[in-house]
Amino acid sequence: MKYYDKFFNGVNRRGTDCYKWDLQKTAYNTDKILPFWVADSDYETLEDVKEAFIERSKNGAFGYTLYTDELYDTICKWCYEHYGYKTHKDNIVITTGVVNALYFIVNMFTKDGDSILVNPPVYNPFYNVVKANGRTLEYSKLIREEIDDLLFTYHFDFDDLEAKIEKCKMFILCNPHNPVGRCYTEEEISKIVKICKKHNCILVSDEIHCDLIMEGSKFTSVGRFFDEYEDIILCTAPSKTFNVAGLSESNIIFNNLTMASAFNKTYEDMSIEINTFGLLGCLISYQKGSEWVKEQNYYLNENKNIVYDFARKNKFKIAKLEATYLMWIDITRLGLSQDEIFNKLIEYGVWINNGTMYSNDCNGYIRLNIACGRKQLLDGLEIIQKFINEYDKK
Ligand SMILES: Cc1ncc(COP(=O)(O)O)c(C=O)c1O
């Protein structure tokens, strides 16, 4: 395998003003904590991307940059070859990130008094972009279902979902779903599209994690249903897949051309432009990165199995990871509050995300980012083991 060692060995990000690694200096006055929180990776991006940046830097001038037809064609090709839907330059608005795009999507395509549906537990900025625009949040909680002694998963409560969608102007879906690791099936996505169409509810699908698919799972983009319903908006980006989130480039794909041009106009009016390296990073990742994606998924799948074994050994239940590099672990059996879990783990030397970030009732769950070198993962699990042992002895 061409890239495996890059993933396996990881990269030292300390001292690079890395949010995930260097915030601890100001937050906890240390540099010893192993971070498994922020959703980016602790290994280098694709070598071709690095080389393209070095080559581009040699020119030394970093003025305003064109969004070239080559870039749009490359995005369209990637979407067709990897996710199976066709799109076109006019349907794509390139933005400085998915979350700011979501903010403007809510702002532009809903009105005061409109309700917007989300599925807790879900990526917390979904709540923020709705609240920040003064819209009303509607919730259709995912239902937890036990698979076996180790694994559980989540599914939609379709009756509840439809009853809520009837009242909502917009539904923000997370597919694949952060933090529960679901990669929704074709049947589930098809049902969602039908329900949204029936009730004229705009379907926004955040598909930022869609390249990170575990063995045995298959990603179905909502884009596969473009022919069935016009008001679909997809949020995609190379950022998670190729570890280029700091370059702030994402691609928002509108099935409805009127929406696309209105949205484009907002970005133009505000003169929101993507930086030179964000555009180049997307171009090269999508031109050269197909094999890299396969190998990364192979590697992540190994990390996933290590964490499964760890959970099994400690009698914790864990969400079946179908997609993303974010694992969702239920450690409620320790009987600790979320604050106790978080603070104790920081004391031991590991930084995780709290379950309650994603839903108030997820006290005792943790989200663990496994996109790191093998040593870091094993060292982190060893530290978490010490923490567990302290409570298991009591
Ligand atoms: C589902 C989801 N959407 C969006 C983002 C962030 O996207 P951006 O950095 O492009 O705003 C994340 C990051 O974790 C995410 O998990």
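**Ligand shell, helix H8 and the domain contact**

Visitor: Which of the 13 residues around the ligand come nearest?
Guide: This is a predicted model. The ligand has 13 residues around it. The nearest are Ala 39, Gly 97, Val 98, Val 99 and Asn 178.

Visitor: How do the residues of the shell around the ligand divide into nonpolar, polar and charged?
Guide: One residue of the shell is charged. Four are polar. The nonpolar residues number eight.

Visitor: Where around the axis of H8 do its buried residues lie?
Guide: Helix H8 covers residues 186-198. Its buried residues are Ile 189, Ile 192, Val 193, Ile 195 and Cys 196. They span an arc of only 165 degrees around the axis, so they lie on the same side of H8.

Visitor: Which exposed residues does the face of H8 turned away from its buried side carry?
Guide: The buried side of H8 is covered by elements including helix H7 (158-165), strand S7 (170-174) and strand S8 (202-206). The face turned away from that side carries exposed residues. These are Glu 187 and Lys 198.

Visitor: Which element gives the most to the side of domain 1 that touches domain 2?
Guide: The chain is divided into domain 1 (4-47 + 290-393) and domain 2 (69-288). Their contact takes 32 residues from domain 1 and 32 residues from domain 2. On the domain 1 side, helix H11 (290-313), strand S11 (317-319) and strand S12 (326-330) each give two or more residues. The element that gives the most, with eight residues, is H11.

Technical notes
Residues are numbered from 1 along each chain as its sequence is written. This is a predicted model: local features need pLDDT of at least 70, side-chain atom pairs count only at pLDDT 80 or more; totals for chains, interfaces and linings use all residues. A residue is near a molecule or strand if its C-beta atom, placed from the backbone, lies within 6 Å of it. Ala, Val, Leu, Ile, Met, Phe, Trp, Tyr, Cys and Pro count as nonpolar, Asp, Glu, Lys and Arg as charged, and the others, Gly among them, as polar. Helices (H or I, at least four residues) and strands (E, at least two) are DSSP runs, numbered from the N terminus. The expected span of a helix is 1.5 Å times one less than its number of residues. A residue is buried if 20 or more other C-beta atoms lie within 10 Å of its own, exposed if 12 or fewer, and partly exposed in between; C-beta atoms are placed from the backbone. The arc is that of the directions from the helix axis to the C-beta atoms. Two residues are in contact if their C-beta atoms, placed from the backbone, lie within 7 Å. Domain bounds come from an automatic or database domain assignment.
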